[in-house]
Amino acid sequence: MRLDRLLGIALELMAKKRVTAAELAAKFEVSIRTVYRDVELINQAGIPVASFTGADGGFELMNGFFLTRQHFSVNDLSVIYTLLKAMESAMGGVVAPAMRKLASLNPDLANEGSHEAVILSISTSDYERDIVQELFRAVRQSCVVRLEYTSTSGKTTERSVEPLNLLWEKGVWYLEGYCRSRQSKRYFRVSRIASLDVCGEIFVPRQIPDESEESEIQGICAHLRFGLAVRTRVFEQFPGECTYQGDWIDVHTTFYKKEYALSVIASYGTNVEIVSPAELQGDVIAHIEAIRQHYAKKRGGNGI
């Protein structure tokens, strides 16, 4: 994981006067390009790393700077340690080295009886845990993976992917990689990977332009207007997409599946108005009418 690697690189710089990008790449089993990117992140975190070119070039901490256990507060270390500990169930033993390094800075972190102000759970199913660990190995070894993937629209395709990173966001694991089929960077939700094969083919990380990735599905861009009676639910369901407009709340959001959009909108009853698109209004009316006819038949009616 990147956090483990960043911490490891920082500790290497503490232990040695100067270390080359090639040495770091070999030690952490990543590309030299990844090392340069990681060193830049370490710089942004406030640890000044000087870079030297030439035959005896490499990286070293800037003169006069040293990292001690006082550089991080106990609370800082506790948050990092708790996060790693929570990831153990999903990642197995791969986070253990980082936990040991943190515990060496503050032994109290490993005390099971210590009070945890933050409790995290990154539990996952046995199947998904196996997939995460296989993907982690593929990322570390730069191995091409072939996977069977189901998109948000429900379409299943076979992909050949060059894995770059594993990401965990809001309780969900994602694979960041270069999809050879789409010839661009893509993010794959691990729970939607039906099968995975780590190939023996080794790839060289390619230069991928930093550009906003277009979604494989355009989605439905909707403008909804809600009454204040449901404002609490609206702000929870559409965080960052709400705007107060006096006596109502405007929401601009995107639905990637029509069935989901219909179920959400219908659940608000008369407390929501579809401002746009106009065709979504017709879809909701048809959806509600289908429900009405379904229950009319159940009661022996004719649906009229």
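**Exercise 1. Locate E176 in this predicted model, decide whether it is buried or exposed, and describe its surroundings.**

Solution. The starting point is the secondary structure, where E176 belongs to strand β5, which covers residues 172–179. The next step is accessibility: E176 has a relative accessibility of 10%, and because the limit for a buried residue is under 20%, E176 counts as buried. The third step concerns its side chain, which makes a polar contact of 3.3 Å with the side chain of K185. Finally, leaving aside residues up to four places away in sequence, E176 touches P163, L164, N165 and L167, together with K185, R186 and Y187.

**Exercise 2. Which strand holds S184, and which side chain does the side chain of S184 join in a polar contact?**

Solution. S184 lies in strand β6, made up of residues 184–189. A relative accessible area of 15% makes S184 buried, and its side chain is joined to that of R186 by a polar contact of 2.7 Å. When residues up to four places away in sequence are set aside, S184 touches G177, Y178 and C179. The two exercises can then be connected, since R186 is also one of the residues that E176 touches, while G177, Y178 and C179 fall within the range given for strand β5, residues 172–179.

**Exercise 3. Identify the buried residues of helix α2, and explain how they are arranged around the axis of α2.**

Solution. Helix α2 spans residues 21–28, and its buried residues include A21, L24, A25 and F28. Viewed down the axis of α2, the buried residues fall within an arc of 100°, so they line one face of the helix. The general background is that an α-helix has 3.6 residues a turn, so residues three or four places apart point the same way. As for the cover over these buried residues, it includes helices α1 (2–15), α3 (32–44) and α6 (126–141), as well as strand β2 (58–61). Just after α2, E29 adopts a positive phi of about 55°.

**Exercise 4. Describe the aromatic pair of F226 and F238, and then the cluster to which both residues belong.**

Solution. The search of the whole structure yields six aromatic pairs. In the pair of F226 and F238, the ring centres are 5.8 Å apart and the planes make an angle of 40°, a geometry that counts as tilted. The pair links distant parts of the chain, for F226 is in strand β8 (residues 220–227) and F238 in the loop between α7 (231–237) and β9 (242–244), 12 residues apart. F226 is buried at a relative accessible area of 1%, and F238 is likewise buried at 3%. Together with Y268, F226 and F238 form one aromatic cluster. R233 lies over the face of Y268, at 3.7 Å from the ring centre. Elsewhere, the charged end of R18 sits over the ring of F52, 4.0 Å from its centre.

**Exercise 5. Where is the confidence of the prediction lowest and highest among the elements, and which stretches stay under a pLDDT of 50?**

Solution. The average pLDDT of the protein is 79, and 75% of the residues score at least 70. Among the elements, helix α4 (residues 74–91) has the lowest mean pLDDT, 65, whereas strand β11 (residues 272–276) has the highest, 95. Residues 113–121 stay under 50, and the model gives this stretch eight contacts beyond four places in sequence. Residues 211–217 also stay under 50, with 11 such contacts in the model.

Technical notes: Residues numbered from 1 in each chain as written. Predicted model: local features only at pLDDT ≥ 70, side-chain atom pairs only at ≥ 80, totals over all residues. Heavy atoms only, no water. Phe/Tyr/Trp six-rings, centres within 6.5 Å; stacked < 30°, edge-to-face > 60°. Helix = DSSP H or I, 4+ residues; strand = E, 2+ residues; numbered from the N terminus. Buried < 20%, exposed > 50% of the residue type's maximum accessible area, 1.4 Å probe, protein only. Lys NZ or Arg CZ within 6 Å of the ring centre and 35° of its normal. Arc of directions from axis to C-beta. Contact = heavy atoms within 4.5 Å. Polar contact = N/O pair within 3.5 Å; in protein donor to acceptor, adjacent residues only side chain to side chain. pLDDT = per-residue confidence, 0-100.
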